[in-house]
Structures are given as C-alpha cells and as structure tokens.
Amino acid sequence: MITSSLFADVIQSSQIFSQNTNGVFTPIQNISFIKDAFFEDVDAEAFDFDLDGDLDIYVSSGGNEYVDGDSSLMDRLYINDGMGHFNKFPANLPSTNGGSISSSDFNNDGYSDLFIGSRSMPGGYGLSPISVIVESSPDSNSYFKVVAQAPIGMVTDSQFADLNDDGIMDLVVVGDWMPVTILIGQGGNQFLNETSSFGLGQSSGFWNSVEIADIDNDGKLDILAGNSGENHKWRAATKTPIEIYLDDFDDNSSVDPIIFYDFFGTHVPFASRDKLVHSLPYLKKKFINFKDFTLAKNIVSLTGRKQIFETKKVFEMRSMAFIQNEAKKFTPVPLPKELQYSTIEDFYVDENKIYYIGNYSGYVSELGSSLSNAGGVLEGFDGHDYISHHFLPLPINFEGRHIDKVNNDTFIVVGNSNESYLLKTKSK
Ligand SMILES: [Ca+2]
Ligand SMILES: [Ca+2]
Ligand SMILES: [Ca+2]
Ligand SMILES: [Ca+2]
C-alpha cells in the first residue's frame with residue numbers, strides 16, 4: 001500500500017535501499033526519479049489523479065535557459081501502476097517555469113485539483129509570471145481545465161488548507177518580492193485574494209517555503225514561512241524596504257531591474273556604477289565618476305524616470321511564524337535566532353517539533369552565499385517561547401530543498417544536487 005508521503009512512496013517503490021539501522025544518516029545513491037523531480041526550482045506533488053487508490057505524481061519543469069512555451073518546460077504527470085512503476089501520462093499540460101505545485105480537491109468532486117505556481121519569466125527577472133489554478137477531470141478529453149490565472153508573483157511555494165475553518169479549502173502562496181498571499185476559497189472553483197484583510201499586506205519577503213500548522217495549539221491554523229534570514233547583505237523593515245524597479249529604462253524592449261536597499265540609513269543602488277553603466281549605457285554621461293554616482297539616492301535621480309512600470313518591495317528578511325488570532329488576522333512573530341542564520345527552504349511540522357532545512361548558494365556573487373545552517377529542530381515553539389533547538393547532523397554547507405518523514409523515526413532530506421540524506425532520530 002502506498003503511504004501518504006511522496007518520499008516514502010518513491011523509496012519503497014524503487015527499492016533504493018533497505019532500512020538504515022546503524023548510522024545517524026545515510027547518503028542515498030543517485031536516484032534518477034528523485035533527480036528528475038527535484039532539481040532546483042522544480043516541484044512535484046503526489047496525488048491520486050485517476051482515483052485508483054495509489055499516488056500519481058505531477059512534476060513542474062523549469063530552467064532559465066528556456067523561453068515560455070518551450071516544450072522542455074511542459075509539466076509532466078506520472079501515473080502509478082499500483083506496483084510502484086510510474087509511466088508518463090500523455091496529456092497536454094501547462095508549461096511553467098519553476099515554482100510550486102499543490103493539490104487539493106477544492107471543488108469537492110472527488111478529483112484532486114492543482115495550484116501550479118510559476119517562479120520566473122526567462123529574461124525578465126522581477127516580473128511576475130502567470131500562475132494557474134486547474135481543475136482536474138480525468139474523465140474529460142482535456143484532463144485539466146484552467147479555472148483561474150493571475151500574475152500573482154514569483155512563486156516558490158504553496159499549500160492548501162482551510163485557514164478560516166469554514167469547510168472550504170483556501171490556498172497560501174509565497175515567493176520572491178511578494179507577500180505571504182492568502183487566497184480564500186469561496187466554494188466551487190472561486191478564490192478571493194484576502195491577503196490584506198488577514199493582516200499580511202506588508203509581509204513581502206524573499207519567501208522560499210510555507211508550511212501551515214497550528215503552531216500554538218489554539219485550534220486555529222498558523223503559517224510558517226521560510227525567508228532569506230538575517231545573515232545577509234540586505235536588511236529590510238517596513239520603513240526601509242528593499243525595492244526593485246522594473247522598467248525598460250534604456251528603451252531597448254527588455255526589462256531592466258534596478259534594486260535599491262538600505263545601507264546603514266542610506267538608500268543606495270545595489271548594482272555598482274560600472275554594472276549599471278554596462279547595462280544602461282545612457283547613464284555613463286550622467287555619472288562620470290563614482291562621486292557623481294553617490295548622489296543617486298533614488299530611482300528618479302538615478303535614471304531620470306518619474307513613472308516606473310512596476311515597483312516591488314521587500315519588508316521582511318526574517319523567517320517568520322504568522323499566528324492566527326481571534327479576529328482572523330495573522331500576528332507576525334520572527335522565528336528564533338538560530339533559524340535566521342541561513343535561508344529556510346522547507347519545514348516539516350511533527351507534533352510539537354518544527355524540522356527545517358536551509359542554505360542557499362545561488363545568489364549573485366555580490367550577495368555571497370547563505371551556508372551557515374543546513375537545518376535544525378525547534379521543539380515546543382508556541383509563538384513566543386520554545387523549549388529547545390538542535391541542529392540536524394547534516395554537512396554544514398549542505399543545501400537542502402525538501403524534508404519529509406519516511407516513518408516513525410526517519411526523515412529524508414533531499415538536496416539541490418544529487419545528494420540526499422536519511423536522518424534517524426535517536427531513540428530515548
Ligand atoms: Ca492513481
Ligand atoms: Ca476536484
Ligand atoms: Ca476556508
Ligand atoms: Ca494556532
């Protein structure tokens with residue numbers, strides 16, 4: 001019988017290794033299926049597409065080398081034959097670029113439906129690609145029907161849950177340069193963006209991961225959101241956000257993202273004079289030397305442009321808990337300091353323990369790497385205090401992307417390369 005865990009399912013079905021009995025963690029050999037499904041910026045979701053009792057797997061594709069609509073970006077659906085063999089299903093699926101997949105039968109017809117979040121537009125960093133909500137109907141010719149689409153943001157993760165406890169599934173979506181976004185289900189295939197009314201209008205961050213759980217055990221669902229953390233060149237606060245300005249500043253028909261951030265109380269461009277002049281040659285005459293350049297305190301004095309096509313802000317760099325209160329608003333609570341040492345890429349909540357994994361080395365070189373905390377376990381966190389924190393026994397530079405429970409005392413951590421680890425909790 002297939003369990004509810006994708007990882008457990010994949011491992012059992014592929015018979016990759018027998019149960020680990022001695023070591024604390026064991027590297028898993030190169031597993032083509034996991035590699036296929038989980039390389040960076042790509043997500044997979046297990047659900048029973050054909051209602052035959054086993055889990056099938058939907059995989060989103062990605063890669064910045066492809067343009068939108070490229071067949072390499074087409075998502076894939078693998079049907080489980082019940083014996084653990086997965087066969088590619090010949091359906092015409094959306095072509096997304098990275099992002100996040102989540103499933104839930106939100107319209108209650110028995111078939112699991114999907115949110116397919118897209119992360120980026122090739123060649124258009126900062127712009128929001130289209131994400132879609134699709135209704136699954138295996139009996140029809142099209143198999144999947146797009147019921148909603150919107151350029152919601154640069155999506156990295158998502159999760160369905162009934163946040164407001166009205167019996168209808170809701171959806172939480174996070175990503176880069178966007179708030180923790182709340183889409184409240186209205187019944188059928190309708191969702192309404194209620195981010196602001198839930199108090200999250202100013203929650204924009206570089207969110208990597210989201211997990212919904214009742215953190216403080218009061219019966220109302222709360223949100224854990226993994227961000228860049230505080231060990232980062234950039235700082236952000238409500239009054240001093242990081243800003244990205246998106247426009248075709250040199251009129252060559254491509255978008256030029258320009259970032260400003262707060263450097264010890266001064267709003268400064270992130271790119272150096274040389275880099276900016278290289279991408280926007282018309283600035284060369286304006287900023288002949290570096291001293292001229294220090295006078296560029298905002299986008300208007302830098303570019304001379306008063307109307308900007310699109311501006312996005314980040315107010316929060318810390319990984320956070322958002323605790324739902326009686327008034328159906330979320331109160332932001334920064335996670336303890338150990339969880340701010342690095343990016344947080346995934347969470348797993350298990351009774352009163354929050355497992356998390358992190359690290360990220362893919363930033364542009366000016367930002368350096370975030371490789372100070374591969375992961376840990378936070379025990380007894382109630383939205384204020386916690387009982388203990390332990391680091392997971394992972395290599396310090398390991399870049400985990402997914403953590404999941406395999407069985408009672410074993411977790412699997414999948415990395416961004418071929419390396420993955422099994423972690424066994426110590427028996428007491
Ligand atoms: Ca199935
Ligand atoms: Ca459905
Ligand atoms: Ca609901
Ligand atoms: Ca709660």
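The points below go through a predicted model of one protein.

1. Overall content. The protein has six helices and 29 strands. Of its 428 residues, 43% are buried. Among contacts with a separation of 6 or more, 51% join residues that are 24 or more positions apart.

2. Confidence. The average pLDDT is 84, and 86% of the residues score at least 70. Residues 1–41 need separate handling, since pLDDT stays under 50 over that stretch. The model has 64 contacts beyond four places in sequence for residues 1–41. Where pLDDT is low, the predicted coordinates should not be read in detail.

3. The nonpolar core. The largest nonpolar core has 89 residues. The residues with the most contacts inside this core are Val-172, Val-180, Val-210, Ile-223, Ala-225, Phe-322 and Val-413. Strand β11, which covers residues 170–178, gives the most to the core, with six residues. In soluble globular proteins, nonpolar side chains tend to be buried together.

4. Val-413. What does Val-413 touch, once residues up to four places away in sequence are not counted? The list is Ile-357, Gly-375, Leu-394, Gly-400, Ile-403, Ser-420, Tyr-421 and Leu-423. Val-413 is also one of the residues with the most contacts inside the largest nonpolar core.

5. The sheet containing β16. Four strands, in the order β15-β16-β21-β22, form an open sheet with antiparallel pairing. The edges are β15 and β22 (330–334); each has a single partner strand, so one side of each is left without a neighbour in the sheet. From one strand to the next, the twist averages 20°.

6. Pairings within that sheet. Strand β15 (residues 209–213) is joined to β16 by five bridges, and Glu-211 stands opposite Leu-224 of β16. Three bridges join β16 to β21 (residues 320–324), where Leu-224 stands opposite Ala-321. Leu-224 therefore faces Glu-211 in one pairing and Ala-321 in another, and Leu-224 counts as buried, like the rest of its strand. Between β21 and β22 there are five bridges, with Met-320 opposite Pro-334.

7. Burial along β16. Strand β16 spans residues 222–226, and five of its five residues are buried. In a regular strand the side chains alternate between the two faces of the sheet. In β16, Asp-222, Leu-224 and Gly-226 point one way, while Ile-223 and Ala-225 point the other way. Ile-223 and Ala-225 are among the residues with the most contacts inside the largest nonpolar core.

8. A second open sheet. Another set of four strands, in the order β19-β18-β17-β20, forms an open sheet, again with antiparallel pairing. Here β19 (266–269) and β20 (310–314) are at the edges, and each has a single partner strand, so one side of each is left without a neighbour in the sheet. The twist averages 20° from one strand to the next. Strand β18 (residues 256–263) is joined to β19 by four bridges, and Phe-263 stands opposite Thr-266 in β19.

9. Leu-77. This residue lies in strand β4, residues 76–80. Is Leu-77 buried or exposed? It counts as buried because it has 21 C-beta neighbours inside 10 Å, and the cut-off for burial is 20 or more. Leaving aside neighbours within four places in sequence, Leu-77 is in contact with Phe-49, Asp-56, Tyr-58, Phe-89, Ala-91 and Leu-93. Phe-89 is twelve residues from Leu-77 along the chain, and their C-alpha atoms are separated by 5.4 Å.

10. Ser-279. Ser-279 is found in helix α3, which covers residues 273–279. With 15 other C-beta atoms within 10 Å, Ser-279 is partly exposed. The C-alpha atoms of Ser-279 and Phe-249 are separated by 9.8 Å, and the two residues are 30 apart along the chain.

11. Two backbone angles to check. Asp-165 is not a glycine, yet it has a positive phi of about 60°. Asp-165 is found in the loop between β10 (154–161) and β11, and it is partly exposed, with 13 other C-beta atoms within 10 Å. Lys-328, also a residue other than glycine, has a positive phi near 55°. Lys-328 lies in the loop between β21 and β22. It too is partly exposed, with 15 other C-beta atoms within 10 Å.

Key: Residues are numbered from 1 along each chain as its sequence is written. Chains are lettered from A and ligands numbered from 1 in the order in which they are written. This is a predicted model: local features need pLDDT of at least 70, side-chain atom pairs count only at pLDDT 80 or more; totals for chains, interfaces and linings use all residues. A residue is buried if 20 or more other C-beta atoms lie within 10 Å of its own, exposed if 12 or fewer, and partly exposed in between; C-beta atoms are placed from the backbone. A nonpolar core is a set of buried Ala, Val, Leu, Ile, Met, Phe, Trp, Tyr and Cys residues joined through C-beta atoms within 7 Å. Two residues are in contact if their C-beta atoms, placed from the backbone, lie within 7 Å. Two strands pair if DSSP finds at least two bridges between them. Axes are lines fitted to C-alpha atoms, for helices over the stretch in contact, and angles run from 0 to 180 degrees between N-to-C directions. pLDDT is the predictor's confidence in each residue, from 0 to 100.
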